[in-house]
Each structure stands twice: as C-alpha cells, then as structure tokens.
Amino acid sequence: ALEKTLGSRKAANEALDAVLDTVIRAVTKGEKVSITGFGTFEVRKRKARTGVKPGTKEKIKIPATQYPAFKPGKALKDKVKK
C-alpha cells in the first residue's frame with residue numbers, strides 16, 4: 001500500500017525504515033514517541049519479583065527489566081471497532 005502511495009518500492013522501504021529507525025532510537029533512549037491518531041510507543045519498567053521455576057517449584061529471583069510498549073490511540077481503536 002505504501003509502495004502505491006509513494007510510487008516505488010524503494011521509496012516505500014526508505015520511508016518506512018526512516019520512521020521505524022527514528023521511533024526505535026527514541027524509545028531506546030527512554031523517550032516517549034506519540035503519533036497522533038495512531039498511538040504511543042514508550043519504555044515501561046517491570047519491578048524485580050520472585051517467581052517459581054515450573055519443573056522444580058524452586059523460587060527464583062526475576063530481575064527488574066525494561067520493555068517496549070505500545071498504547072493505541074483513540075482514532076486507531078475506533079477504526080478497529082468498526
């Protein structure tokens with residue numbers, strides 16, 4: 001679809017790569033990236049916690065981590081509902 005809009009596969013790939021690279025670099029730095037009408041990309045944190053190893057029932061410590069998250073915007077949610 002992007003290829004049809006931009007006129008060539010090369011232009012579509014370059015445009016998409018540029019957008020994704022920008023989002024990835026910003027989120028990696030801990031920044032929040034909002035695309036109006038689409039959604040928000042951000043880094044969320046999980047606290048350290050205790051888990052149970054399924055095979056042995058042994059308690060293990062799970063370290064704190066960070067993970068990428070996406071929250072869809074209202075416009076996207078409304079279009080999906082239709």
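How many residues has helix α2, and what does the helix reach from its first C-alpha to its last? Helix α2 spans residues 9-28, so counted from the DSSP run (H or I, at least four residues; strands are E, at least two). The helix has 20 residues and reaches 28 Å, close to the 28 Å expected at 1.5 Å a residue. That expected span is 1.5 Å times one less than the number of residues.

The model is predicted: local features need pLDDT of at least 70, side-chain atom pairs count only at pLDDT 80 or more, and totals for chains, interfaces and linings use all residues. Residues are numbered from 1 along each chain as its sequence is written, and side-chain values use heavy atoms, without hydrogens and water.Now the faces of α2. Ala 12, Val 23, Ala 26 and Val 27 are buried, meaning under 20% relative accessible area with a 1.4 Å probe on protein chains only; exposed means over 50%, and partly exposed lies in between. The four cover an arc of only 105 degrees around the axis, which puts them on the same side of α2. The arc is taken from the directions from the helix axis to the C-beta atoms. On the other side, Lys 10, Ile 24 and Thr 28 are exposed. The buried residues pack against α1 (2-6), β1 (33-35) and β2 (39-46). Gly 30 follows α2, with a positive phi near 95 degrees.

Strand β2 holds Glu 42. Glu 42 is buried, at 17% relative accessible area. Its contacts (heavy atoms within 4.5 Å) include Val 27 and Tyr 67, leaving out residues up to four places away in sequence. The side chains of Glu 42 and Lys 32 make a polar contact at 3.5 Å.

Conventions
Polar contact = N/O pair within 3.5 Å; in protein donor to acceptor, adjacent residues only side chain to side chain.
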